[in-house]
Amino acid sequence: ATGGLSDINTVGNAVTSVLNAYGKSANDAALLVDGFIQTQNDGKIVVSQYADQIAKVASVAAAAGLSVEEMNASIAAITATGVPAETAMSGLRQALINVIKPTDQARELAKKIGLEFSLAAIQTKGWAGFLKDATDKTDGSAEALSILFGDIDGFNAILKLTGPNMGR
């Protein structure tokens, strides 16, 4: 069966990937599918692309403390700027990994500017609050953000989620 812009098997695989990553039950499946469709509506992504790529980021997003809604909003915001779905998912995953395991240079910069750059900060402030704090403490400096989120894909994703793109 095909509905929307994907088939039931593809959507089912995406649902199980997110359910498993977030430790949710099958009772949450309908809400997850609604979230997939909202992500499609808010970004430049279709459900089949979401389904094909979500396994790249869901477990890392869950481990970092992002809610499914925060993850989906980030994916929508990144793709809305024209970034392809695969790159958006990889970039979001890498941005989170940069926080989970920061480089020495990122740790030093964060300490110097008074930024709590850690999982605890994400979990305390929420993903949007963490991003706002990072933007505020760096004065939106692309150079400083590139040090914190050193991987090019992660840095690109952060650029799409901060500054003038924040709150989209």
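The overall fold, surface and nonpolar core of the protein are described here from a predicted model.

The predicted structure comprises 10 helices and 2 strands. Along the chain from the N terminus, the order of elements is β-β-α-α-α-α-α-α-α-α-α-α. The radius of gyration is 16 Å, close to the 15 Å that the globule rule gives for 168 residues, so the protein is as compact as a globular protein of that length. Taken along the principal axes, the box filled by the C-alpha atoms is roughly 55 × 30 × 20 Å. Among contacts with a sequence separation of 6 or more, 65% join residues 24 or more positions apart.

With regard to the surface, the accessible area of the protein amounts to about 8100 Å², and carbon and sulfur atoms contribute 51% of this area. The protein carries 13 positive and 17 negative charges, whose mean positions lie 6 Å apart.

Buried residues constitute 44% of the 168 residues. The largest nonpolar core contains 51 residues, within which Ile54, Met71 and Trp127 touch the most other members. Helix α6, spanning residues 85-100, gives the most to this core, with 7 residues. The surroundings of Met71 were examined further. When residues up to four places away in sequence are not counted, Met71 touches Tyr22, Tyr50, Ile54, Val57, Ala58, Ala61, Leu66 and Leu92. This list includes Ile54, itself one of the residues that touch the most other members of the core. Leu92 is also among the residues in contact with Met71.

How values were computed. Residues are numbered from 1 along each chain as its sequence is written. This is a predicted model: local features need pLDDT of at least 70, side-chain atom pairs count only at pLDDT 80 or more; totals for chains, interfaces and linings use all residues. Side-chain values use heavy atoms; hydrogens and water are left out. Helices (H or I, at least four residues) and strands (E, at least two) are DSSP runs, numbered from the N terminus. The radius of gyration is taken over C-alpha atoms; the globule rule is 2.2 Å times the number of residues to the power 0.38. Buried means under 20% relative accessible area, exposed over 50%, partly exposed in between (1.4 Å probe, protein chains only). Contact means heavy atoms within 4.5 Å. Accessible areas come from the Shrake-Rupley method with a 1.4 Å probe; for residues, only the protein chains shown count as cover. Lys and Arg count as positive and Asp and Glu as negative; His and the chain ends are not counted. The place of a charge is taken as NZ of Lys, CZ of Arg, CG of Asp or CD of Glu. A nonpolar core is a set of buried Ala, Val, Leu, Ile, Met, Phe, Trp, Tyr and Cys residues joined through side-chain atoms within 4.5 Å.
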